Amino acid sequence: MNIISNSWGRNGILAGCASLFALSCSAGESGKNHSVPNVLVILADDLGFADLSCQGTSDIKTPNIDRIFNGGMRFSNFYANCTVCSPTRAALLTGRYPDMAGVPGVIRTDEEDSWGFLSPGVTLLPEKLKKAGYETALIGKWHLGLEKPNLPNLRGFDHFHGFLGDMMDDYQSHLRHGNNYMRKNSVVVDPQGHATDVFTGWTLDYLESRIKDKNPFFLYLAYNAPHDPVQPPDEWVRKVRQREKGITDKRSKLVALIEHMDWNIGRVLDKLNSLQLLDNTLIIFTSDNGGVLGNGANNGPFRGGKQDLYEGGIRVPAAFMWKNRITPGSVFTGLATTMDLFPTVCAVAGVKPDESTDGITLLAALTGKEQDTNNRTVYFMRREGNMRYGGMVYYAARFRDYKILQNTPWEPMQFFNVKDDPAERNPLEKAGNKNYEDLYRQLSQHIRRAGAVPWQKPPALK
């Protein structure tokens, strides 16, 4: 797709896209709105860039996720806002850089090993959408807080049926450190079955309930799969091993876990279709970060994986499908990020994002207009404990084809041209390079701004 200079500014290009969207539907700031589409965001957990058959990998079959990629617009240059879970989820729901939302690292049960606290002053996407008459729901993994005030129902979701914590120690028991974090709104529940099947079943029930309500819905479906422990149902492993001769034990289990998730996503798509909701639903699919190399993930041509700020840790698969609005089989090559989903969905719903929003709306690109999303500097960071990180932060920044990064807090910055060197194997000379100096200076100013945002639980809330 051709791109032109972005002259619409920082706040999601809403003004420029308003006229585009008005051609297809009408929207309002409050009350019921029957014209705007439903929105379904499907987020996989630790899915590698190439771990879909539509991404060119031959040992995996994902026909249902492929339906989204082939039926809409594929983003070939899409970045998760962080290389681990909580920060990216914060970016998705706030439209802010994770450290500007108070979530620079992973939120965990043990407060001494928890590196974020979702800022009470930040407005979440479901809160915005309620102003346009949306019913809002989260099914699956939350991972942005285990107690008040940072619980889904207190941050804009009308309906929550899922898991509050970070990872499950077992896909069947659903426990974490012996704690049951499964909830239906505020009620503790103890469902039976594989977590991927459980979340899908709850999703099908929710979609059935929407038939009786004429309001549009925003549904955020966040699977735990394929996050470790890699525990696919046995029959799915057998199927993969029978089909893929010579596949390793490690790889076969990961492929099976992803294919099992894909089958469940197919159930969701089929339910939308049978309920005649598919035609007026914007579906967005992506992952919270790159795949785990130690689990056999395939991050394509990119270096590194989860936890790395190399491309393999933050470049993720992404696609948007919206029948009769987005051209099937189209590809967008411009840079996009998870935090762009917030202003994009706001634009679709006709809701103005906050002035503080860091993301930009992608609606122009989605509706076939030329859009330059590369004319901005984007920042990546992560705070983490343990002996490798020591509670410190490590950073990356990208402007157009140039990227600087450190992969631990103790490393010097590296400098790459990711268009010429997508595998990031050939660092450029930094001394006297204006592109490096500009990126370094801009990153330092982002760090200064983010330093004003608390990320630990205030004492009064203990």
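## Helix α9

The buried residues of α9 are L341, F342, P343, T344, V345, C346, A347, V348 and A349. This is a predicted model. The helix spans residues 341–349, and 9 of its 9 residues are buried. Helix α9 is thus recorded as mostly covered.

An α-helix has 3.6 residues a turn, so residues three or four places apart point the same way. In α9, the buried list takes in both L341 and V345. Just past the end of α9 comes G350. Its phi is positive, at about 80°.

## The chain as a whole

The protein chain has 12 helices and 18 strands. Its C-alpha atoms fill a box of roughly 65 × 55 × 50 Å along the principal axes. How does the radius of gyration fit a compact globule? For 462 residues, such a globule would have a value near 23 Å; the protein chain has 21 Å, which agrees.

Burial is common along the chain: 61% of the 462 residues are buried. Now take the contacts in the chain with a separation of 6 or more. Residues 24 or more positions apart account for 67% of them. The accessible surface comes to about 17,300 Å². Carbon and sulfur atoms hold 50% of that surface.

## N38 in strand β1

Strand β1 covers residues 38–44, and N38 lies in it. Is N38 buried or exposed? N38 has a relative accessible area of 8%. The cut-off for buried is under 20%, so N38 counts as buried.

Which residues touch N38, once neighbours within four places in sequence are set aside? The contacts are Y134, P216, F217, L277, N280, T281 and L282.

## Two cis peptide bonds

Most residues other than glycine have a negative phi, and most peptide bonds are trans. Two bonds in this model are cis. One runs from K148 to P149, with omega near 5°. P149 sits in the loop between β4 (135–141) and β5 (159–163).

The other runs from A225 to P226, with omega near -5°. P226 also has a loop position, between β10 (217–222) and α6 (234–243). P226 appears again below, in the cavity lining.

## Positive phi outside glycine

N185 is not a glycine, yet its phi is positive, at about 55°. It lies in the loop between β8 (182–184) and β9 (187–188). The relative accessible area of N185 is 28%, which makes N185 partly exposed.

Q307 is another non-glycine residue with a positive phi, here about 85°. Its loop runs between β11 (281–287) and α8 (311–314). Q307 is partly exposed as well, at 31% relative accessibility.

## The internal cavity

Rolling a probe the size of a water molecule over the atoms shows where empty space is left. How many cavities of 30 Å³ or more does the model hold? The count comes to 1. About 40 Å³ of space lies in the largest cavity.

Which residues line the largest cavity? From the earlier part of the chain come D46, L47, G48 and D51. Further along are P226, L254 and I258. G291, V292, N295 and A297 complete the lining. By class, the lining has 6 nonpolar, 3 polar and 2 charged residues. P226, at the cis bond from A225, is one of the lining residues.

Technical notes. Residues numbered from 1 in each chain as written. Predicted model: local features only at pLDDT ≥ 70, side-chain atom pairs only at ≥ 80, totals over all residues. Heavy atoms only, no water. 1 Å grid on protein atoms, 1.4 Å probe; cavity = no way out; pocket = protein on both sides within 12 Å on 5 of 7 lines; lining within 4 Å. Points joined across faces, edges and corners; volume = space filled by probe spheres on them. Nonpolar A, V, L, I, M, F, W, Y, C, P; charged D, E, K, R; others polar. Helix = DSSP H or I, 4+ residues; strand = E, 2+ residues; numbered from the N terminus. Rg over C-alpha atoms; globule rule 2.2 N^0.38 Å. Buried < 20%, exposed > 50% of the residue type's maximum accessible area, 1.4 Å probe, protein only. Contact = heavy atoms within 4.5 Å. Areas by Shrake-Rupley, 256 points an atom, 1.4 Å probe, with all protein chains shown as cover.
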